[in-house]
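Me: I'd like to go through the labels people put on a protein model. Can you take me through them slowly?

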Amino acid sequence: MSIDENFPLSGIRVLDLSAYIAGPYGCNLLADMGAEIIKIEPPGGDNLRKYPSSMPGESRAFLGVNRGKRGVCLDLKSAFGYEAFIRLVKQADVIVHNFRPSVPVRLRIDYETLRTHNPKLVYCSLTGYGQTGPLANRAGYDQVLQARTGICSSQGTVDDPKIVYGSVVDYYGAAMLANGVTAALLQRERTGAGQHVGVSLLGSALAMQAARLVVADSEPRNINRDMRSGGITGIHPARSGHLYISANTPHFWRSLCTLIGLPDLADDERYDTVKKRAANVEKLVPVLREALLNKTAEEWEALFGDQVPCSVVRTVEDVFDDAQVQAQSFVDEHEHPTVGRYRTIANPVSFSMPSQKRRLCCSPGLGEHTEDVLRELGYSDSEIEHALEMAQAKA
């Protein structure tokens, strides 16, 4: 494997056995930092490939979280598939999976087994609820964990809970996965030993609420734990479109009042703190919204500039042509054999060392690189042909 010193994880090989979003995107983040990712799928493929999509022949979600990987199809339940996998393990630095804790032992891919083949292996298991406890072997999904950890009741109310769409727990878990694996690789550099890294959606859902999950013994059970500033900070209708405004600091509050033509509000002692404005939300919000109806959301955004943090409420489609997104090179183009040309998110983290932007390949087709990888592992053409026939029969 060639090493490009411009990228922090160049030379690191990761075996990605995970499916859906959190595990695959966590490996995607490692790929962005230069790691070689080999995505290993069963003959039927990652279930995310089968999710509804308007794209021809491929799942939009799969393309979004699996770019920059080589695709290999292996049946770990077969003798050949398992033996090929062990060969890969011996050459790998990291393995990532999202099986429930009881599954790896049954497949003989648990940490204790694989470390005998590669003591330096960083083994990362992503689970719904963690490795131990009464729910450890229960299937866990993003919105299930949202409901369990208070996110839904906080997004709405106890009587009218709301889901936060966009797989936020999955993506936060992906970031924790990439962080945990990178830290374990750093420790391996110091000690020479690998280790088992555990990440869970439960832990991710709790961690992303750190500002809310603080409970004092002196408090009653049911209190408002949120930091919302009473409706001033939020989404408001304009003459055309909607505008999100954040005006919590004294400076931004004064700028907002001045620019909407109500400077006296900034000097009114009844509204001179966030808490006071929150207490008077029923008086303030109608006044604010009446003023905002004088201009369109885009006109207000231009007028507020850097004096009031704000944004027009835009669609996902608008993001691709956003000037700031383009300036940061956050969108990249790919060619896919079925979908054709498409654009998607690029590396969200920048480093000062790379001399040029790294071009990652698009997400792999099911088993797209199986032959190449098996050949690299030393299998003959006849062995590869037989393995592919067996895998196709089980697909």
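Reply: Sure, starting with the rule for a salt bridge: a side-chain nitrogen of Lys or Arg lies within 4 Å of a carboxyl oxygen of Asp or Glu. This is a predicted model, where local features need pLDDT of at least 70 and side-chain atom pairs count only at pLDDT 80 or more, while totals for chains, interfaces and linings use all residues. Residues are numbered from 1 along each chain as its sequence is written, and side-chain values use heavy atoms, leaving out hydrogens and water.

Me: What makes Lys162 and Asp160 a salt bridge?

Reply: Their side chains meet at 3.5 Å, N to O, and the limit is 4 Å, so the pair passes.

Me: And why is Lys162 called partly exposed?

Reply: Buried means under 20% relative accessible area, exposed means over 50%, and partly exposed is in between (1.4 Å probe, protein chains only). Lys162 has 41% relative accessibility, so it counts as partly exposed. Asp160 is partly exposed too, with a relative accessible area of 41%.

Me: What about Asp46 and Lys39, buried or exposed?

Reply: Asp46 has 2% relative accessibility, so it's buried. Lys39 has 0%, so Lys39 is buried as well. Their side chains meet in a salt bridge at 3.2 Å, N to O.

Me: How do you know that Glu333 and Arg341 meet in a salt bridge?

Reply: The N to O distance is 2.8 Å, and that is within 4 Å, so they qualify. Glu333 is partly exposed because its relative accessible area is 40%.

Me: How many salt bridges are there by this rule?

Reply: The count comes to 20. Arg13, Glu36, Arg70 and Glu376 are linked in a network of them.
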